[in-house]
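Visitor: I'm new to this one. Could you walk me through it, one feature at a time?
Guide: Happy to; let's put it on the screen.

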Amino acid sequence: MYLNEVEKLPVLDEDAAMKELNDRELLETIMLGFEDMTMRGSLAKLKAALENANYTNVRICSHALKGAASYIHAERVRAQSSNLQTAVDNKHYENAAKYYCELIKECIVLKKRIRLEKCKKKGKIFIEDSSDFDVPIAKGYKIVKKSQKNFNVVSIKKSSKTPIVGADENVNSMNRQAQINGATKEKRKTLDKTKESEGNGCLIMCVIFLIHETCS
């Protein structure tokens with residue numbers, strides 16, 4: 001899904017979630033659990049996967065987060081998780097880095113939305129604080145806040161020095177293959193030399209045997 005299409009989706013489609021659960025209190029409990037454990041846990045695993053350029057785990061984590069977000073109809077997080085998974089599936093690692101940034105941004109937006117609903121329930125006024133931006137994020141990426149009226153618009157930036165997800169793994173794979181190919185070539189050379197040596201040995205033995213027979 002294109003980025004401009006994701007922005008048209010609701011952050012949290014409570015009406016759709018309520019149609020499925022038909023229980024406001026249960027929905028609120030699930031939303032809080034999603035923010036505190038599911039989302040944070042998934043982002044922590046995704047952070048580790050990105051930092052180790054393990055795109056297999058990046059796919060697993062993004063797929064799991066997509067499923068969890070779908071359950072509570074957190075539509076933007078679901079869409080960006082799906083985009084990240086698709087990019088990794090297709091080995092489009094430049095896009096994967098871009099969608100990771102967008103996913104982190106939407107997780108922060110969702111985190112604020114859930115806390116807003118929590119404040120409404122308790123009759124409190126929602127005031128943005130630093131906890132709204134406390135999410136696991138991979139090294140080389142940073143949260144950029146831009147003040148706009150009474151809240152911050154957030155974007156996620158990737159350092160130009162940060163390796164693209166999967167790039168290191170591809171290089172390692174190529175190096176491993178080169179080592180295997182090199183080792184195979186060396187092994188072949190050794191076998192050829194061994195065969196050549198054995199062949200020469202047999203030839204010498206045959207010559208010695210013929211000389212011996214002639215002399216006899």
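**Reading the model together**

Guide: Start with a single residue: the side chain of His 73 makes a polar contact with the side chain of Glu 20, at 3.0 Å. Keep in mind that this is a predicted model.

Visitor: Which other side chain does His 73 join through a polar contact?
Guide: Glu 75, again with a polar contact of 3.0 Å between the two side chains.

Visitor: Where is His 73 placed, and is it buried or exposed?
Guide: To judge burial, look at relative accessible area: under 20% is buried and over 50% is exposed. His 73 has 12%, so it is buried. Its place is in the loop between helix 4 and helix 5. Leaving aside neighbours within four places in sequence, its contacts are Val 11, Leu 12, Asp 13, Ala 16, Ala 17 and Glu 20.

Visitor: Let's zoom out. How many helices and strands are there?
Guide: The protein chain has 7 helices and 2 strands. Along the sequence they run α-α-α-α-α-α-β-β-α. Of the 216 residues, 35% are buried. As for contacts between residues at least 6 apart in sequence, 59% of them join residues at least 24 apart.

Visitor: How do I check a helix's length, say for helix 3?
Guide: Compare an expected span with the distance between the end C-alpha atoms. Helix 3 covers residues 24-51, and at 1.5 Å a residue its 28 residues should span 40 Å; the ends are 39 Å apart, so the two agree. Try helix 6 as well: its 30 residues should span 44 Å and its end C-alpha atoms are 43 Å apart, which also agrees.

Visitor: Where is the kink in helix 3 centred?
Guide: On Phe 34, where the kink is about 45°. Phe 34 is also one of the buried residues of helix 3, a list including Met 31, Glu 35 and Met 39.

Visitor: What do the buried residues of helix 3 pack against?
Guide: Four helices appear as partners: helix 2 (14-21), helix 4 (55-71), helix 5 (75-89) and helix 6 (93-122).

Visitor: And what happens at the start of helix 3?
Guide: There, a side-chain oxygen of Asp 23 comes to within 3.1 Å of the backbone nitrogen of Glu 25.

Visitor: What should I know about phi?
Guide: Most residues other than glycine have a negative phi. Just after helix 3, though, Ala 53 takes a positive phi of about 50°. Lys 91 also has a positive phi, near 60°, and is not a glycine. Just after helix 6, Gly 123 has a positive phi of about 70°.

Visitor: Are Ala 53 and Lys 91 buried or exposed?
Guide: Ala 53, in the loop between helix 3 and helix 4, has 5% relative accessibility, so it counts as buried. Lys 91, in the loop between helix 5 and helix 6, has 52%, so it counts as exposed.

Visitor: Where is confidence lowest, and where highest?
Guide: Look at pLDDT, the predictor's confidence in each residue. Helix 7 (residues 167-215) is lowest, with a mean of 47, while helix 5 is highest, at 96. For the protein chain, the mean is 77, and 69% of residues reach 70 or more.

Visitor: How many contacts beyond four places in sequence does the model have for residues 202-216?
Guide: It has 0, and pLDDT stays under 50 there. Residues 163-178 also stay under 50, but for that stretch the model has 19 such contacts.

Terms used
Residues numbered from 1 in each chain as written. Predicted model: local features only at pLDDT ≥ 70, side-chain atom pairs only at ≥ 80, totals over all residues. Heavy atoms only, no water. Buried < 20%, exposed > 50% of the residue type's maximum accessible area, 1.4 Å probe, protein only. Contact = heavy atoms within 4.5 Å. Expected span 1.5 Å × (residues − 1). Bend = angle between axes of the 7 residues up to and from the residue. Polar contact = N/O pair within 3.5 Å; in protein donor to acceptor, adjacent residues only side chain to side chain. pLDDT = per-residue confidence, 0-100.
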